[in-house]
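Colleague: Please take one pocket and go through it closely. Then follow its walls out into the rest of the fold.

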Amino acid sequence: CPSRSLAMAFTRGRWRNATRLQSVYANRPTPLHNHPGKCGAGLVLSGNLLVDQFNQQQLQISADYPIVKLAPTSCGYYQPGQMPGFTIKDGNVQRLQATDGRAVLLVIQLKCSKDQQSYWYYSISPENGDKSFFAQRLAR
């Protein structure tokens, strides 16, 4: 497990929201993953965090080997008190990694549209900084 979290989900009306404490480690970054139908932010409580965010540009349908093209939208370093965020359309695919030891975040996610399938993304072509790359998309 690349990170650990203590989660609490709550429902108010038709919106399903989640709040959790999440630890991310320097030697175990989270795999690329999405938050379908959700927008949110994570307040860094301790440690330093690197966040890479991507948009899914294109889908090549194959029942056995689904491939997507991911385009970087941002890469940022965050310190305690700073808050990286994501929206449904911008930076919804992301990877988190502590830059030294462990980072702890208070993560708040809001349901902003209909739920969709959650995925992990595994790079199948070189990641070259600000250039797009291809990844295999697997349901989680």
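Modeller: One cut-off comes first: buried means under 20% relative accessible area, exposed over 50%, and partly exposed in between, with a 1.4 Å probe and protein chains only. The model is predicted: local features need pLDDT of at least 70, side-chain atom pairs count only at pLDDT 80 or more, and totals for chains, interfaces and linings use all residues. Numbering runs from 1 along each chain as its sequence is written, and side-chain values use heavy atoms, without hydrogens and water.

Start with the frame. The protein chain holds 0 helices and 11 strands (DSSP runs numbered from the N terminus; H or I of at least four residues for helices, E of at least two for strands). The pattern along the sequence is β-β-β-β-β-β-β-β-β-β-β. Of the 140 residues in the chain, 40% are buried.

Now the pocket. I take the second largest pocket, which has about 220 Å³ of space. Its lining has 16 residues, and Asn34, Gln56, Asn92, Gln116 and Tyr121 are the closest to its centre. On a 1 Å grid over the protein atoms alone, a cavity is a set of points where a 1.4 Å probe fits but cannot get out; a pocket is an open set with protein on both sides within 12 Å along at least five of seven lines, and lining residues have an atom within 4 Å of a point. Points join across faces, edges and corners, and the volume is the space filled by probe spheres set on them.

What is the lining made of? It divides into 6 nonpolar, 8 polar and 2 charged residues (nonpolar: Ala, Val, Leu, Ile, Met, Phe, Trp, Tyr, Cys and Pro; charged: Asp, Glu, Lys and Arg; polar: the others, Gly among them). Strand E5 (49-60) and strand E10 (119-123) each supply at least two lining residues. E5 gives the largest share, 3 residues.

Follow E5 outward. A search of the whole structure finds 2 aromatic pairs (ring centres of Phe, Tyr or Trp, its six-membered ring, within 6.5 Å; planes under 30 degrees apart are stacked, over 60 edge-to-face, the rest tilted). One of them joins Phe54 and Phe133: the centres are 5.3 Å apart and the planes stand at 90°, so the pair is edge-to-face. Phe54 belongs to E5 and Phe133 to strand E11, so this contact ties together parts 79 residues apart in sequence. Both rings sit on buried residues: Phe54 has a relative accessible area of 5%, and Phe133 has 2%.

E5 also feeds the largest nonpolar core. This core has 10 residues: Val24, Val44, Leu49, Val51, Tyr78, Leu96, Ala98, Ala103, Leu105 and Val107 (buried Ala, Val, Leu, Ile, Met, Phe, Trp, Tyr and Cys joined through side-chain atoms within 4.5 Å). E5, strand E8 (93-98) and strand E9 (102-111) each give two or more residues to the core. E9 gives the most, 3 residues. Another core, of 9 residues, lies apart from it; Leu70, Val93, Tyr121 and Phe133 are among its members. Tyr121 thus links two topics, as one of the residues closest to the pocket centre and as a member of that other core.

Next, the pairing beside the largest core. E4 (38-46) and E9 run antiparallel over 8 bridges (strands pair if DSSP finds at least two bridges between them). Val44 has Leu105 in E9 as its bridge partner. E4 also pairs with E7 (85-86), again antiparallel, over 2 bridges. There, Ala41 is matched with Gly85.

Ser46 lies in E4 and is partly exposed at 31%. Its C-alpha atom is 8.3 Å from that of Gly81, 35 residues away in sequence. Asn48 follows in the loop between E4 and E5, partly exposed at 24%. Asn48 and Leu105 are 57 residues apart in sequence and 9.9 Å apart in space, C-alpha to C-alpha.

Back to E10, the other strand named for the pocket lining. Tyr122 lies in E10 and is partly exposed, at 38% relative accessible area. Its C-alpha atom is 7.4 Å from that of Pro31, 91 residues away along the chain. Beyond E10, Lys131 sits in the loop between E10 and E11 (133-139). Lys131 is exposed, at 53%. The C-alpha atoms of Lys131 and Leu70 are 8.8 Å apart, across 61 residues of chain.
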